[in-house]
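Visitor: Please choose one part of this protein and take me through it closely. Then show me what else is worth a look.

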Amino acid sequence: MRFLASEVGSGLRRNVSMAVSVILVTMVSIFLLGLGLLAQRQADTMKGYWYDRIQVSIYLCTADALQPNCEGRAATDAQRDGLRAQLEELPEVSQVFFESEQQAFDRFREQFRNSPIAGNVQNGDIPASLRVQLQDPTKFDVVTSQFENAPGVATVQDQEQVLSQFFTIINWIKAFAWFLAALMAACAALLMATTIRQAAFIRRREIGIMRLVGASNWTIRMPFVTEMLIVSSLGGVLAVGLLVGLTQYVFTEGASRIALSQAFIGVSDVWFFAPWMLGGVLLIAVATSLVTLRRYLRV
């Protein structure tokens, strides 16, 4: 162990610039990989949160409605009550409640109170609607197909269609982060291989002497492998620290306090992925070291 520690310390001192480069590249690659994993966890968290709240909105006809199904007449109370009764009989429906034009207007003004479009909508622009809470949000087609052209119905809108676009954007961001992480991981592996080759070239006389005195392959390999394990571990730990700080200050203390009604990831999600990310970078370091050293052990 004393010999191993001495060789590792000597190797790191001789190649301090390359070691720092490996640490930084590894840190960036693991950080990007962590962003991709956290983006996936955030998408899953928001899906689980919003899918429990997805509603199908059945907008009723108004006197000014342009939809052919309305024929220029507003929905009557009898039509509204009939639609509600039919909806409540469906096994896929959990709850049905009526939202008047005033309630819809007030809700819109509250949701978009900081947006300039809030002043462009007047009371009555948003028609009254029946809001349907489903037992299974994926069964919205059942409601849409039965009530899209029903008497008194102007349009049927499913929030899942809007949210699916948002989740698609998150998935593209996640895929891009994973692509960058894979690219940086390849760069890290190539940089590790270059560092090992340079260190082996500098210590080629020592390696030759060790072979002459009967040193085993593992005795020669272990200092190089250990050096890569140390520098890659430092890069991985720094990446996890950056992810913890990002999650703590951006999500836990930032977005979660601003958007109180949203569901966000937390530091616990980082700790969940940390062992897998660190294990992956250590596996890359060991594999790269062993493959690179094979040519030097054949001399």
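Guide: Two residues are in contact when heavy atoms of theirs lie within 4.5 Å. Keep that in mind for our chosen part, the helix that holds Ala 285. This is a predicted model, where local features need pLDDT of at least 70 and side-chain atom pairs need 80 or more, while totals for chains, interfaces and linings use all residues. Residues are numbered from 1 along each chain as its sequence is written, and side-chain values use heavy atoms, with hydrogens and water left out.

Start with Ala 285, in helix α9. Helices here are DSSP runs of H or I with at least four residues, strands are runs of E with at least two, and both are numbered from the N terminus. Ala 285 touches Met 192, Met 228, Leu 229 and Ser 232, leaving aside residues up to four places away in sequence. It is also buried, at 0% relative accessible area. Buried means under 20%, exposed means over 50%, and partly exposed is in between, using a 1.4 Å probe and protein chains only. Now compare sequence with space. Ala 285 and Ala 188 are 97 residues apart in sequence, yet their C-alpha atoms are 8.8 Å apart.

Move along to Thr 288. Helix α9, residues 267-297, holds this residue too. Its contacts include Ala 189, Met 192, Ala 193 and Ile 196, again without residues up to four places away in sequence. So Met 192 touches Thr 288 as well as Ala 285. Thr 288 is buried, with 12% relative accessible area. Its side chain has a polar atom 2.7 Å from the backbone oxygen of Ile 284. That is a polar contact: N or O atoms within 3.5 Å, where within protein one can donate a hydrogen and the other accept it, and neighbours in sequence count only if both atoms are side-chain atoms.

Thr 247 offers a parallel. This residue sits in helix α8, residues 217-258. A polar atom of its side chain lies 2.8 Å from the backbone oxygen of Leu 243. Thr 247 is buried, at 0% relative accessible area.

Next, look at the rings. The structure holds one aromatic pair. Phe 272 and Phe 273 form it edge-to-face, 5.2 Å centre to centre with 75° between the planes. Rings of Phe, Tyr and Trp (its six-membered ring) pair if their centres lie within 6.5 Å; planes under 30 degrees apart are stacked, over 60 edge-to-face, the rest tilted. Phe 272 is partly exposed at 45%. Phe 273 is buried at 11%.

Now step back. The protein has nine helices and four strands. Their order along the sequence is α-α-β-α-β-α-β-α-β-α-α-α-α. Of its 299 residues, 41% are buried. Take the contacts between residues at least 6 apart in sequence: 82% join residues at least 24 apart. About 16800 Å² is exposed, and carbon and sulfur atoms supply 61% of that. Such areas come from the Shrake-Rupley method with a 1.4 Å probe, and for residues only the protein chains shown count as cover.

Charges come next. Side chains of opposite charge can pair when their charged atoms come close. The whole structure has four salt bridges, each a side-chain nitrogen of Lys or Arg within 4 Å of a carboxyl oxygen of Asp or Glu. Arg 80 meets Asp 77 at 3.8 Å, N to O. Both lie in helix α3 (residues 77-89), three residues apart, about one turn of the helix. Arg 80 also bridges to Asp 81, with the closest N and O atoms 3.6 Å apart. Another bridge joins Glu 99 and Arg 131, at 3.0 Å between the closest N and O atoms. This pair links distant parts of the chain: Glu 99 is in strand β2 (residues 93-99) and Arg 131 in strand β3 (residues 129-134), 32 residues apart. Both Glu 99 and Arg 131 are buried. Elsewhere, shared partners join Asp 77, Arg 80 and Asp 81 into one network. In that network, Asp 77 is exposed at 51%, while Arg 80 is partly exposed at 23%. Asp 81 is partly exposed at 43%.

Finish on the surface. Val 16, Val 20 and Leu 24 form a nonpolar patch, with about 250 Å² of accessible area together. Patch residues have over 30% relative accessible area and no salt bridge; like charges are joined within 9 Å, nonpolar side chains (Val, Leu, Ile, Met, Phe, Trp, Tyr) within 5 Å. Leu 24 belongs to helix α2, residues 16-51, and is partly exposed at 44%.
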